[in-house]
Amino acid sequence: MGNCICSECIKDSNLKRYVVKHGSNGVCNMCGEHREQVLKIATREFQNRMKAAIRYNYSEILYNSHWGGVSNWISLLKEENLIFKLPIEEPNEEDEDDLYWEINAIPGHIEDYSTDVSLYFGGERLDAFFDPIMRDRWSWIEALSEKIGYDNPNIISKEISNKIKDIITPLAKEIEKIDLYRARIGIKDILIYSELGEETQKTYIPYKKNEIGAPWPKIATEGRFNRAGTSYLYLASNLETAINEIRPSVGHCVSIGKFRIEKKVNIVDFSNLDFYDYATSDDKIDEYVRLKSIEEILCIPNPDKEYRLTQGFSDAFILLGYDGVKFKSSVSYDTYNIVLFSPSCAKYIDGTHEVVEIKGLKYDIENKEININKKYLEEYISQNNTGHKDEIIRDNFGIDIKGTFNERTL
Ligand SMILES: [Zn+2]
């Protein structure tokens, strides 16, 4: 035993980050090359992170024979996979020192959920299987989304605050002396000068100070985080994010202003949530899934304007003593929004007014794979048990199953 793997042989981004960070010069037993970042796979942390990478990308149903998958998780790695760049080859003879057998010996069942990562949900827990972490959601939030229409906000906010109190504590943060942007559709006035024979000139007068600040509660309409009659201050880390929040159309003039959080405010910060920090034990992974589920509610725009859930969460943050919440913007990865529950926590910065006209709305797009992937097919079918599998495949992937796939391979 004593095999090493280099960062270049790793495909999963979190596992790769770990090897880049902790690796040193050596020979990789996967590619056979001498590399700068090479790590022994015998350490518990590498093994936990490798198992976390498998859990992140794959559903247990694919590698647990109990659920119809292959008989052993290592079979996933014997073909093209999302963890390593090269498939791991099984040697002809059972040479214990071989990379394959050392990886194969990593335990998939564990006993201590606080220090190890399990590949199987079973054991002492309920008879169920793991969803891939990237798609896993906190089931309590799903149940909450159902009942939120039937209980009053004061009941819901108490339930949320009791449930999230402890898990959000590590995300508590004090911030101060930060300048942030705010935008409002429209301008206060426009002055037009025109003299005979000369080009018309326009001067735009933006909304400033209180006009661009949070409205008084008596006129505040409902927003993503505030109920009607409650006024919160929505701010963004940059101009584009602030504009995106108010959803202008092409041709709109938008007033811009900056606000400063001068004195310390206590916020809960979801903007740095990163699986890398949690890929160390089952307990930490559970914590990640819960926080990630909350983060998604906060970040993902809600075109149906169904705000009861986000409003319930802001009520809960207030009950728990927070002045605001910070979360990633849906515009780009490195920008964020802050919602302050008391507008007086930030002050308008004199002289920061601007007017911009929306000339176009850009969408940065990427084509996604829509063709059928045999590996995920079985899982997809199992989750869509409303029809015959041939119909599910035909309706979702446009493939007539007859003659296309050998039934046995599904
Ligand atoms: Zn390598």
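Trainee: How many disulfides does the structure hold?

Mentor: A disulfide is a pair of cysteine sulfur atoms within 2.5 Å. This is a predicted model, and the structure holds zero disulfides.

Trainee: Then which residues coordinate the zinc ion?

Mentor: For a metal site, look for the atoms that act as donors. Here the zinc ion is coordinated by the SG atoms of Cys6, Cys9, Cys28 and Cys31, at 2.2 to 2.3 Å. Along the chain, these donors follow the spacing C-x2-C-x18-C-x2-C.

Trainee: Which parts does the pair Cys6 and Cys31 tie together?

Mentor: Find each residue's place among the strands and loops. Cys6 belongs to strand E1 (residues 4-6), while Cys31 sits in the loop between strand E2 (24-27) and strand E3 (34-40), so the pair ties together parts that are 25 residues apart in sequence.

Trainee: What is the geometry of the site of the zinc ion?

Mentor: Check the angles among the donor atoms. With four donors, the site is tetrahedral, and its angles run from 104 to 115 degrees.

Trainee: Is Cys6 buried or exposed?

Mentor: Buried means under 20% relative accessible area. Cys6 has 0% relative accessibility, so Cys6 counts as buried. Cys31, at 25%, counts as partly exposed. Cys345 has a relative accessible area of 18%, so that cysteine is buried.

Trainee: And what percentage of the residues of the protein chain count as buried?

Mentor: Now we step back to the whole chain. Of its 410 residues, 43% count as buried. The protein chain has twelve helices and 14 strands, and it exposes about 23100 Å², with carbon and sulfur atoms supplying 47% of that area.

Definitions and conventions: Residues are numbered from 1 along each chain as its sequence is written. This is a predicted model: local features need pLDDT of at least 70, side-chain atom pairs count only at pLDDT 80 or more; totals for chains, interfaces and linings use all residues. Side-chain values use heavy atoms; hydrogens and water are left out. Helices (H or I, at least four residues) and strands (E, at least two) are DSSP runs, numbered from the N terminus. Buried means under 20% relative accessible area, exposed over 50%, partly exposed in between (1.4 Å probe, protein chains only). Accessible areas come from the Shrake-Rupley method with a 1.4 Å probe; for residues, only the protein chains shown count as cover. Donors are N, O and S atoms within 2.8 Å of the metal (3.2 Å for Na, K and Ca); water is not among the atoms, so sites may look incomplete. Four donors count as tetrahedral if all angles lie between 85 and 135 degrees; four count as square planar and six as octahedral if opposite donors are over 155 degrees apart and all others between 65 and 115; anything else is irregular.
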